[in-house]
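Reader: Hi! I am new to protein structures and would like to work through one with you, a question at a time.
Author: Happy to help, so here it is.

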Amino acid sequence: MADFYTNQTEENLIYRVIKEGLGFESENEIPKYLILRLALALALRLKPLPLDSHIWAEKTLNGGKGKEYHLEQLTGKDKDESEDMDLLYRALLTEKFHAYLQADVFSDDKAYTDLLGKNIQRGLFEIYHSWKNNDCFYQWCKDNLGLHLQKEDFTQSGTDSTNPQDSTLFTEIESCFAKYNIALTHLETLNSYRHRICKVEIKDPLKIQSFETQAKYLDKATKLSNVKITSCKGLARTYNIEEEKIDSEWSYPSKTEIENALSLLPSQGYKLPIFAGFDIEKKPFYFDLVKAVHLIVAGKTGSGKTILLQSIIHSLLLSNKVEIVVIDPKLGIDYQIFGDKIRLITESEEACEFLDDLIEEMKERNERMVTAKVSDIESLGLTYKIVFVEELNFVIRDNKEIEKKLAKNMFIVRQAGIHIILGMQNPDSKNLSSDLRNSASRIALCVAKAENSRVILGESGAEKLSGRGDMLIKLDGASSPKRVFGVKFA
Ligand SMILES: Nc1ncnc2c1ncn2[C@@H]1O[C@H](COP(=O)(O)OP(=O)(O)OP(=O)(O)O)[C@@H](O)[C@H]1O
């Protein structure tokens, strides 16, 4: 049973905050209950009201049936220790309403959820009436919730930042936009691995459209080459101005940065967590291979495929519940470093036999799951099986049968805890069949032509990547790819 129900007006407000306030493209990009938590935080800053006051009803938005929410979403009840704020909320409500409370909200769940619900509704009402579409939501949060964006928010994972006063990048950008009467506030300049990123906020919300138009011509209006402007998700009116550095200025993630990122792998809450590298703002990027199901990793020679596949193996080996098989026509030389932690197959006959056995194993796993009435292999105590195929183009050229077997496997092994990762050079419609392509999530490293990028990602862009581990990751179901810089383990 739900612990809290919204109505349709409240749902519309949540949708508006996500899209117009926080700048997300779709409401699926952020959990909706976070807006309810925000409403609750706001309500807890307001003067408490007697519980029988008529003002509660007046401070409630009216509307037809909306959605159901649970305590787990509202307060983090029964989630990991780091997310479970349930006791804290009970304590806050007791403290705030002690003059009016008859019940003990620590033991009386009904009284607790009623009071929680009342406050969430009041918070939503206040957001509805005090935040206008044109207002910057970020500024609104600052003013109403006392939230202040700290420098550390931009400098996670040890991002170095240059002194804003010294920032020639900002000065150049500021004077360029000043010509169009667009005033900018400098929030931060980040010195990232392959980019200088200048984070700016547009002072006047009415200038957003004009800023976005002028931003398209920034490289022509300034001396800056390779400049791209992206809006910052979750921060209205805030943009990253990203300038690509020349090769000689690049830096690579340090050993400590990599170790710190790896140490956070288990806390991602994923079944098979993979640390793929760092994003443009130096934040580690993780994904769950179980959700990605299968992967195709494509790029031209020297783009960093092998290094990426090796780093995926490193992540997997940390989980202790995987069996890894690498099919590599290049005699497995790049995978010797893993010793007997992985099985190497270098001959095409052996690869064919192995793939036949894999289909049998999948059938057996599925039958066991049906008999045991479970939907995942972990409940049966089975390990995940991850099959890497290096240089798919050569494997298939040597033995056409392998492609059919792979396509069959990739199509049917989704539930059975078997995942296939294909590495290949420039993919085109001839060397990457649609059967293979459609069964997997994709990673494009630098490719030779826009056509290769379209085959792998469904859009161009990978042909412009800078190489050596620079990649675009498009996971199953994602609408746009994420740019990530891979890491090289010592
Ligand atoms: N994330 C990274 N960080 C630093 N250097 C990298 C990274 N990825 C790749 N490189 C460097 O780029 C070069 C090519 O990498 P890699 O061998 O993985 O490419 P590849 O795509 O597998 O090439 P090929 O198809 O020719 O085997 C290597 O010298 C490697 O050290």
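Author: Let us begin with one residue, and keep in mind that this is a predicted model. At 41% relative accessibility, Lys363 counts as partly exposed.

Reader: Which residue forms a salt bridge with Lys363?
Author: Side chains of opposite charge can pair when their charged atoms come close. For Lys363, the closest N and O atoms of the pair are 3.6 Å apart, and a salt bridge requires them to be within 4 Å. The partner is partly exposed, with a relative accessible area of 47%. The residue you are looking for is Glu360.

Reader: How many residues apart are Lys363 and Glu360 in helix 15?
Author: Both residues belong to helix 15, which covers residues 348–372. About one helical turn separates Lys363 from Glu360. In sequence, they are three residues apart.

Reader: In helix 12, which residue pairs with Lys255 in a salt bridge?
Author: Lys255 counts as exposed, because its relative accessibility is 61% and the cut-off for exposed is over 50%. Its partner sits four residues away in helix 12, about one helical turn along. The closest N and O atoms are 3.6 Å apart. The partner, partly exposed at 44% relative accessibility, is Glu259.

Reader: How many residues apart are Arg468 and Asp247?
Author: These two form a salt bridge, with their closest N and O atoms 3.9 Å apart. Arg468 lies in the loop between helix 19 and strand 16, while Asp247 lies in the loop between strand 7 and helix 12. The pair therefore links distant parts of the chain, and Arg468 itself is partly exposed at 48% relative accessibility. The separation in sequence is 221 residues.

Reader: How many salt bridges are there in the whole structure?
Author: Salt bridges can also join up into a network, as they do for Glu323, Glu361, Arg365 and Lys385. A search of the whole structure gives a total of 25.

Reader: Is Asn240 buried or exposed?
Author: Asn240 is found in strand 7. Its relative accessibility is 3%, and anything under 20% falls in one class. Asn240 is therefore buried.

Reader: Which side chains make polar contacts with the side chain of Asn240?
Author: Leaving aside neighbours within four places in sequence, Asn240 is in contact with several residues, including Ile197, Cys198, Ile229 and Thr230. One polar contact of its side chain, at 3.3 Å, is with the side chain of Lys199. Another, at 2.9 Å, is with the side chain of Glu281.

Reader: Which strands stand at the edges of the open sheet of 10 strands?
Author: The order of this sheet is 9-8-17-16-15-10-14-13-11-12, with mixed pairing. A strand at the edge has a single partner strand, so one side of it is left without a neighbour in the sheet. That description fits strand 9 (284–288) and strand 12 (342–345).

Reader: By how many degrees are neighbouring strands of this sheet turned against each other on average?
Author: This value ignores the direction of the strands. The average turn between neighbours is 30°.

Reader: In which sense do strand 8 and strand 17 pair?
Author: Strands of a sheet pair through backbone hydrogen bonds, either parallel or antiparallel. Strand 8 (residues 273–279) and strand 17 (residues 482–485) are joined over two bridges. Across this pairing, Phe278 stands opposite Phe485, and Asp279 stands opposite Val484. The sense is antiparallel.

Reader: Which residue stands opposite Met471 in strand 17?
Author: Strand 16 (residues 470–474) is joined to strand 17 by four bridges, and the two run antiparallel. The residue opposite Met471 is Val484.

Reader: At what angle do helix 2 and helix 7 pack?
Author: Two packed helices are described by the angle between their axes and the distance between the axes. For helix 2 (residues 33–43) and helix 7 (residues 137–145), the axes are 10 Å apart. Leu38, Ala41 and Leu42 in helix 2 meet Phe137, Trp140, Asn144 and Leu145 in helix 7, and by class this contact has six nonpolar, one polar and no charged residues. The angle is about 35°.

Note on methods:
Residues numbered from 1 in each chain as written. Predicted model: local features only at pLDDT ≥ 70, side-chain atom pairs only at ≥ 80, totals over all residues. Heavy atoms only, no water. Pairing = 2+ DSSP bridges. Axes fitted to C-alpha atoms, helices over the stretch in contact; angles between N-to-C directions. Contact = heavy atoms within 4.5 Å. Nonpolar A, V, L, I, M, F, W, Y, C, P; charged D, E, K, R; others polar. Salt bridge = Lys/Arg side-chain N within 4 Å of Asp/Glu carboxyl O. Buried < 20%, exposed > 50% of the residue type's maximum accessible area, 1.4 Å probe, protein only. Polar contact = N/O pair within 3.5 Å; in protein donor to acceptor, adjacent residues only side chain to side chain.
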